[in-house]
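The following exercises ask you to work through a structure by locating side chains, judging their exposure and tracing their contacts. Each task is followed by a solution that goes step by step.

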Amino acid sequence: MDNESNNSAGSKGFGKGKQDHGRSNLVVVSEILPDKIIIAPIQPRPIFPHIMVPLTFTGQELVEAIRTAYEKHDRFFGVVLVKNENREDYMKSQLYDVGVIMKIFKINQISEDTIQVVAQGLQRFRKVRAISREPFLKWEVKAHYESREKHDEEQKSYTMAIMSSVKELFKMNPIMQEQLKMILNQMTYDKPHMLIDSVASVLSADAEKLQDLLETFDLSKRSEKLLLLLKEEIQLTEVQEKIRKQIEEKVSKQQKEYFLREQLKAIKKELGLEKDDKSAELEKIENKLKKLKLTEEASKAIREEMEKLKMLEPVSPEFHVTRNYLHILTELPWGVYTKDSRDIAKARKILNEQHYGLEDVKKLILEFIGTIIKRQSVAGSIICLVGPPGVGKTSIGRSIADALNRKFFRFSLGGIRDEAEIKGHRRTYIGAMPGKIMQSLKQAGTSNPVIMLDEIDKIGMSYQGDPASALLEVLDPEQNNAFLDHYTDVRFDLSKILFVTTANQLDTIPRPLLDRMEVIKLSGYILEEKVEIARQYLIPRQMENHNLKKSDIRISNPALRTIIDSYAREAGVRNLENQIKKIMRQITLKEAEGEKGPFSVTKRNLEKYLGKPVFTTEQLYRRNVPGVSLGLAWTSMGGTTMYVEASAVNARSAGFRQTGQLGKVMEESSEIAYSYVRSLLTGDERYRDFFLKNFIHLHVPAGATPKDGPSAGITMATALYSLATNRPVKEKLGMTGELTLTGKVLPVGGIKEKTIAARRVGVNDLILPLENKKDFEELPGYIRDGITPYFADYLDDVLKIALKERTG
């Protein structure tokens, strides 16, 4: 009989072979077997005695060993299962001690390192000792000869049980059926050892279990183990049969449902009750077209694609591509517009209700809205809201849409590196989609929404293209009336869209893009504004989000001011809202634990809710010392204050060093300040030698934070002059201004942000460049209140205001 075997040998193990059971006419076995034989390691399962099997060996060493066994060892060799494979040298793998003596009947060398043999297993053997490893593995073995005595009744019972289990197995397993039938037909009760080995050779048990069976020399114990393996095989076959039936039932049910559905479709189609997929799609598209006012170009493109769709079969990939393209084209709002609200009073009311403060910003926005209402067109109106995080840029965009009664759609440009994100992918690519602009129109459902392009200052650039350049066509009033998306490949009028962009800073926006936008700056909020925003918007919103009532919690004004000043000292209110959330969460936790309210948050118990203050007052120098001045700076996060320190070290020669991670421009400003102050004091006998005999060190604290810009020029010069003359700078005095080598004070930007930062830390006196006087006077009154400005044209003016009388 033939049986598939997975045994393989050689450097990588055996290949597949067939086993021939019980063909006595092919087997001529000597009564006495050799006790010194060549050993061939095998994998992945052992071979049993009495089995004829074809084997393939690979590897030069194994080929030579088999050839030697055939020619010089009467065609005898041994096969032993590998226990632990040595991946570097297969012949040094750890082997089991029990194997089978084989006799070669046919040999065929396929190549230099591959040989095929047909061999029969004769008897089990046990290893006595290893004789040699070179040139090939050779053992001394002791063969096990099966007893020829007549077997007792117990063994007959085992044999009958085995045959019964085999009959049960071949009924259940059609794969083994032919092999097992042949075994039963050829085996008799007087040769149980041959029956056991033949049955074991076709089982699918693990190699370790089969090796254990091979190593069992006692016939009764071997019979027991085989019965256990047969039982496991029967259980495995039962599980396989159960799974097979479940799958068949499921597949049959699905096929039945499929055929029934197809028959139902055919019947409905014949009766005119239902159309096929293609007709249904075409009808759906036709219905959409009735509601749209297509341009001539769009109408032509859609009709061509519909004709193409009619020619395609629904199973064709091109059918789905064309169908998706038509769906996207017909879902765009061709000729669909919302009617603009012309009520400017309503627009003002919406802006005032949704935003506290920002009067100058709201005034500019109302001017824009008024112009749009008057012209009945937004052509050329592209607003860019610039300001620190959390000042309300995105919510202002939503308020503009509400004021105009338009749909609002927002998407972020932050991190976009691919031009296709804006202008779409060409349809030749798998998974192609239209760009963000066309998708936003599809979502908005109108051709004149307010579209907010968030984080326009954070657009990336890569080898895939420059998205900023792609935006030029979108935002340019001269081009966007015929915008061409790569996917739709049909021009669409974007001129009715009001684009609102947001940014934290203008420096990173490409100049051609910036030129197309009207910039509105949001500088941030002062403490009083933050208190009102928290009272009117943030606290009520978070109470609703946390399912709290007004009677459950009360936050006092001093506590709120402390939160703003000590925990959320930024230009916007985002962090302030996070701190309020933190308080609300702790209140809800207390209620969940059974604690009864109302709960009161005061300045005294605030640390229990928020921990230690994050910020402390920036007036670090309680005792004014010479060489220290306070500057005002602008950052993308809003205005801030910044100390400048100068110290002198007695030295043999003059020198100047700056620290604090200063940028190139700021380093140059410090050198200008050093040169000018040194030249200024050269004519004074009291201070003439100060710079000659001292090494000057200028430092700007917060060394981990990069700093740059020219506006700290007069601050650094004042610190150096204060150090040289030993005259401290006045308390609560801040300054900003660029300095030239002639002592001229040049104007700087960010006056509003810097003034707000000064108010935030309690600095009431400010020195500003004379040319910034107009900027300060344009600030809202609530920002200027309590601030005493001094305007300087030259550094001499600064020093007269800033320095106290000489202390020594």
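**Exercise 1.** Find what Q542 touches, and decide whether Q542 is buried or exposed.

*Solution.* Leaving aside residues up to four places away in sequence, Q542 touches E577, I580, K581 and M584, where contact means heavy atoms within 4.5 Å. Next, place Q542 in helix 17 (residues 527–545); helices are DSSP runs of H or I with at least four residues, strands are runs of E with at least two, and both are numbered from the N terminus. Q542 counts as buried because its relative accessibility is 2%, given that buried means under 20% relative accessible area, exposed over 50%, and partly exposed in between (1.4 Å probe, protein chains only). Finally, the side chains of Q542 and E577 are joined by a polar contact of 2.8 Å, that is, a pair of N or O atoms within 3.5 Å, of which, within protein, one must be able to donate a hydrogen and the other to accept it, while residues adjacent in sequence count only if both atoms are side-chain atoms.

Before going on, note that this is a predicted model, in which local features need pLDDT of at least 70 and side-chain atom pairs count only at pLDDT 80 or more, whereas totals for chains, interfaces and linings use all residues. Residues are numbered from 1 along each chain as its sequence is written, and side-chain values use heavy atoms, with hydrogens and water left out.

**Exercise 2.** Describe the salt bridge between R67 and E71, and where the two residues lie.

*Solution.* The side chains of R67 and E71 meet at 3.8 Å, N to O, which satisfies the rule for a salt bridge (a side-chain nitrogen of Lys or Arg within 4 Å of a carboxyl oxygen of Asp or Glu). Both residues belong to helix 1 (residues 60–72), 4 residues apart, or about one turn of the helix. R67 is partly exposed at 24% relative accessibility, whereas E71 is exposed at 51%.

**Exercise 3.** Which parts of the chain does the salt bridge of R129 and E140 tie together?

*Solution.* Begin with the pair itself, a salt bridge of 2.7 Å, N to O, between the side chains of R129 and E140. R129 lies in strand 9 (residues 114–132) and E140 in strand 10 (residues 138–144), so the bridge ties together parts that are 11 residues apart in sequence. As for exposure, R129 is partly exposed with a relative accessible area of 43%, while E140 is buried at 19%.
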